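Hi everyone, thanks for letting me take the slot today. I'll put the structure up and then we'll walk through a few parts of it together.

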Amino acid sequence: MNTLQTDYLVIGSGAVGLAFADTLLQETDARITIVDRHGKPGGHWNDAYAFVALHQPSAFYGVNSLPLGSNRKDTVGVNQGLYELASGPEVSGYFDAVMRQRLLPSGRVSYHPMSDYLGGGRFVSMLSGEETQVRVARKTVDATFFGTSVPATHTPRFAVADGVDLVPPNALPQLWMKPAAQRPQQFVIVGAGKTAMDVGVWLLGSGARPESIHWVVPRDSWLLNRLHVQPGLEFFHQTLGGQADQMEAFAAASSLDDLFDRLEAAGIMLRIDRAVRPSMFHFATMSTGEIETLRRITQVIRLGRVKAIDAEGLLMEQGRVSMAADGTLYIDCTASAVEPRPGSAIFQGERIVPQLVRAPQPAFSAALIAYVEAHYDSDELKNELCRTVPFPHELQQYLHCNMANMANQFRWGQDKALSRWIRDCRLDGFGKVIAAIPPDDTDKLAVLGRIRAAAMPAMSNLQKLAAQAT
């Protein structure tokens, strides 16, 4: 058995593991060992479908030390006028560059792909079977908490009969390889999350007729308007102004439904079907162009979840839907990007478990956790600065998510060194925008004043709304 010496052992080389390692490398002189089952850095991005892209601008994703993208705006397509969204292949290539150009050249990082972590500091090569024991001087970092699942590696939770043509979205760009007579005549998108929305937009953008598409939507979702998460001063009134609108809605809402109505009226929240009230929120972020495209799909099936797919069609929780046996392609979009699981303390003695400390930003969260690990002493203080933020699945969890976000932001604001690091962090985005406001720009300063004035009433009312929802 081989042996290695390291200060930090990081399990996982996805966005969380690399963002943590990148900041730790910048802030300390530690040696870092990274172990991952994938053959390349980037975690689930290596398994994603070819047309996947980030929800939010590239400027907010990746690691702190290396920009992602070229800070350009899209001039065509459904994201026209907004800042670029890195595609899956771009993100995968970016993380490979992070490893090859940033981490490994430091001489303090060792990387072990195609390796299965066994626990207790041991990992085994998935190719040779050779085991390695890592002697960890400081801490083990479990960067796998989010348990991200993608369609290509996901097992459906419904029965699929023999002969049913069910594929993950990864298979769609290869349909051109089929003989014309074997290409699907109709498509059934199974699932209602961001993956399903991506598939709908891709099918329509690739020439599929709207009437050839059926969409199984167990529950509709509220969606964030991407216009309100743009970097730079140019979008100040959409971003910071949107935060002011959001804070005032938090402060004034009389119920959970009233809150989402106010956020929709302010243009912060969107929904695809105006006649259906959404019952979930997962931080999926869309442009109005994407929403208008998806509204072209009118054959929407709302009969609960799929229980089985067979030669006759779909067996749903609330009934059966007939589909032609031949020429129907089912597309599985039911994988969960973030598995629901209870949070835990992030700093646990010799173990660190990175989680969200600002939703919905896992990369920023991991980088901040690494900074706190490098500069603060006790686990008690570290956990006070890095309280976990729950990722929302049900609507009422949106209230708790925002309360936790606001509480963390307040704590960070009391610490000058941490506040300075956040302001300078590439992944933060808005701190630099605020710092760049000229002292005589009364218009923009008034927007910041609105945020400050609404903050305490917002927190108080969110607590009341959460109690009502419970």
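**A walk through the model**

Let's begin with a helix on a sheet: helix H3, residues 194–205, lies across strand S9 (186–190), strand S10 (213–216) and strand S18, and it runs at about 160° to S9. Before I go on, keep in mind that this is a predicted model.

So what is the strand order in that open sheet of five strands? Reading across, you get S8-S18-S9-S10-S14, and the pairing is parallel. At the edges sit strand S8, residues 166–167, and strand S14, residues 299–301, each with a pairing partner on one side only. Look at the S8 edge for a second. S8 runs parallel to S18, which covers residues 328–332, and two bridges join them. If you want a spot to click on, Leu 166 is opposite Tyr 330 of S18. And a handy thing to remember when you look at any sheet: in a regular strand, side chains alternate between the two faces.

Now jump back to the start of the chain. Strand S1 has partners to show you. One of them is strand S6, residues 131–142, which runs parallel to S1 and is joined to it by nine bridges. There, Ile 11 faces Asp 142 in S6. S1 also pairs with S2, again in the parallel sense, this time over four bridges. In that pairing you'll find Tyr 8 opposite Ile 32 of S2.

Right after that comes Ser 13, in the loop between S1 (2–11) and helix H1. Is Ser 13 buried or exposed? It's buried, because its relative accessibility is 0%. And Ser 13 has plenty of company: not counting residues up to four places away in sequence, it touches Leu 18, Ile 34, Val 35, Asp 36, Lys 40, Pro 41, Gly 42, Gly 43 and Tyr 111.

Next, the loop between S2 and H2, where I picked two residues. Arg 37 is one residue found there. Its C-alpha is 9.3 Å from that of Ile 11, and the two are 26 residues apart along the chain. Beyond four places in sequence, Arg 37 is in contact with Met 114, Ser 115, Asp 116 and Met 126.

Asp 74 is found in that loop too, with S2 at 32–35 and helix H2 at 88–103 on either side. Asp 74 comes out at 17% relative accessibility, so it counts as buried; the cut-off for that is under 20%. Which side chain does Asp 74 join in a polar contact of 2.9 Å? That would be the side chain of Asn 79. Setting aside neighbours within four places, the contacts of Asp 74 are Asn 79, Gln 80, Gly 81, Leu 82, Glu 84 and Leu 85.

Here's a hairpin. Strand S4 (residues 115–119) and strand S5 (residues 122–125) are antiparallel, paired over four bridges. Gly 119 has Arg 122 in S5 as its bridge partner. There are two residues between the strands, and Gly 120 takes a positive phi near 65°.

On to helices that pack against each other. We describe two packed helices by the angle between their axes and the distance between those axes. Take H1 (residues 15–27) and H7 (residues 362–375): the angle is about 35° and the axes are 8 Å apart. Their crossing is right-handed. Among the residues that meet there are Phe 20 and Leu 24 from H1, and Ile 369 and Tyr 371 from H7. Sorted by class, that contact holds twelve nonpolar, two polar and two charged residues.

Now the other pair. Helix H9 (residues 395–413) and helix H12 (residues 442–469) cross at roughly 150°, with axes that come within 9 Å. Their crossing is left-handed. The contact includes Leu 399, Met 403 and Met 406 of H9, along with Met 459 and Leu 462 of H12. What about the classes here? The H9 and H12 contact divides into eleven nonpolar, four polar and no charged residues.

Last stop: Asn 383, in helix H8, residues 379–385. Outside four places in sequence, Asn 383 is in contact with Ala 345, Ile 346 and Phe 347. Which backbone atom does its side chain reach at 3.0 Å? The side chain of Asn 383 reaches the backbone nitrogen of Phe 347.

That's my tour, thanks for listening!

Definitions and conventions: Residues numbered from 1 in each chain as written. Predicted model: local features only at pLDDT ≥ 70, side-chain atom pairs only at ≥ 80, totals over all residues. Heavy atoms only, no water. Axes fitted to C-alpha atoms, helices over the stretch in contact; angles between N-to-C directions. Left-handed = near helix turned anticlockwise from the far one by under 90°. Contact = heavy atoms within 4.5 Å. Nonpolar A, V, L, I, M, F, W, Y, C, P; charged D, E, K, R; others polar. Pairing = 2+ DSSP bridges. Buried < 20%, exposed > 50% of the residue type's maximum accessible area, 1.4 Å probe, protein only. Polar contact = N/O pair within 3.5 Å; in protein donor to acceptor, adjacent residues only side chain to side chain.
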